[in-house]
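The exercises that follow are meant to be worked with the sequence and the coordinates open side by side. Try each task before reading its solution.

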Amino acid sequence: MKIYTKNDLKNEEFLKSFYSEIEFEALNDVAKIIEDIKLRKDSALIEYCKRFNDGDFQNSDDFLVSENEIEEAYKKTDKKTIETIKIAQKNVFEFAKKQFDCIKELEIKMGDSILGHKIVPINSVLCYVPGGNYPLPSSCIMTVTPAKVAGVKNIYLTSPRIKPQTIVAAHISGADRIYKLGGAQAVSAFAYGTESINPVDKIAGPGNKYVTFAKKYVYGKCDIDFLAGPSEVLIVADDTANPKLISADMLAQAEHDKDARAYLITTSKKLAEDVEKSARAQLSNLETKEIAEIAFEKSVCVVVEHISEAVEIANLRAPEHLELMFKGAEDKAFEFKNYGSLFIGQNCAEVFGDYCSGTNHVLPTNKASRYTGGLSVFDFIKILTYQNIDKKTAKTLAETASNLAEAEGLFAHKLASDLRK
């Protein structure tokens, strides 16, 4: 972990390591895969899965996890894991249900006219669950559950090299169909459709930079949640914080991926040094050291004089996860504006949000939290407006609409208004 001070904040090396973004546009090979899937459909999908070691499929019937395979997955997954999945899913379901209950249908009267909006679930979604370095049953819970609460009719889930515990989590969460596909080829197949796969209205879920670019490429053909790349955490701390907790939380992000990032902003240089030492000690016994150590080496600490400076820097960085471990954090918390999810106090481990507290772990990275929050039940609904205008109100509206149409030079608009005067 590189430690910087306030004097380094305009240093080119610091700016590159702290504020850098992953460049998705450079991934031209992904675009070629997507176009090939569009053209050759299932046959191309089978070829790419073999090429990338995502499955040796003989035909398109092999893409789908069968009922027998679901039964086998339960047998291969220990009872403790199954019960843990159920507990976590219940917490996420209950939070999503409370979110959904916040949304109300609207109807107002304007004279004898009615204007309003309805809440309509999206018809079909694909929940993408990564399967590269580790199986992630938790991502099944986080993507399928809010879609289920929202009332989505067709919920499909796909994960490459899918593991039994992932199948079990997808089934418990309520996926209608579970697939064994992954990568850009899976994103393309569900965006455009193939002989065996129906195109969906939306694709949601985390993935590596190739999956993320594929989502960016197909956006418009279908909707996506947002561009969520490698994981990141930013921790703001002072000298009252526990360095062991901080280093553990940083390593928890670092072990996701070699491109993952962990950041620390602190008012105490001693704390920064203690965190570094603690991380080295924890890495020595960490089973995921091979990945975590590489990501941690690329991580950054900034030593500032005041927490107010940390607020400013954190809001500019707009991290995926933001942890606050300083005295008076509760009072300062809402000065932080840009983050995917916020964790206040030393008891509030970011991994609780990853797994089981109830909030969602599919969150914006790469500074996207400047303009969006994390995945939620709101991502799986549409707010559709409607109006029913009576004749008297139509005459009043027609005058205004006619004048605006004339000002814009749109005379068919004016005609349609004038005929209702």
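**Exercise 1.** In this predicted model, find which residue stands opposite cysteine 301 in β11, and establish which strands pair with β11 and in which sense.

Solution. Begin with strand β10 (residues 261–266), which pairs with β11 in the parallel sense over 4 bridges; within this pairing, leucine 264 is the residue opposite cysteine 301. Then turn to strand β1 (residues 2–5), which is also parallel to β11 and is joined to it by 4 bridges, with threonine 5 having valine 303 as its bridge partner. Finally, consider the side chains: in a regular strand they alternate between the two faces of the sheet. In β11 (residues 300–303), Val300 and Val302 point one way while Cys301 and Val303 point the other way, and all of these are buried.

**Exercise 2.** Check whether the length of helix α5 agrees with 1.5 Å a residue, and describe how far the helix is covered.

Solution. Helix α5 covers residues 137–150, and its 14 residues should span 20 Å; because the end C-alpha atoms are 20 Å apart, the expectation is met. Next, count the burial, taking buried as under 20% relative accessible area: 13 of the 14 residues of α5 qualify. After the helix comes glycine 151, with a positive phi near 95 degrees.

**Exercise 3.** What lines the largest pocket, and which residues are closest to its centre?

Solution. The largest pocket has a volume of about 1300 Å³, and of its 49 lining residues the closest to the centre are Pro130, Gly131, Tyr134, Leu136 and His256. Sorting the lining by character gives 24 nonpolar, 19 polar and 6 charged residues. Among the helices that each supply at least two lining residues are α2 (28–51), α4 (79–101) and α5.

Notes:
Residues are numbered from 1 along each chain as its sequence is written. This is a predicted model: local features need pLDDT of at least 70, side-chain atom pairs count only at pLDDT 80 or more; totals for chains, interfaces and linings use all residues. Side-chain values use heavy atoms; hydrogens and water are left out. Buried means under 20% relative accessible area, exposed over 50%, partly exposed in between (1.4 Å probe, protein chains only). Two strands pair if DSSP finds at least two bridges between them. The expected span of a helix is 1.5 Å times one less than its number of residues. On a 1 Å grid over the protein atoms alone, a cavity is a set of points where a 1.4 Å probe fits but cannot get out, and a pocket is an open set with protein on both sides within 12 Å along at least five of seven lines; lining residues have an atom within 4 Å of a point. Grid points are joined across faces, edges and corners, and a volume is the space filled by probe spheres set on the points. Ala, Val, Leu, Ile, Met, Phe, Trp, Tyr, Cys and Pro count as nonpolar, Asp, Glu, Lys and Arg as charged, and the others, Gly among them, as polar.
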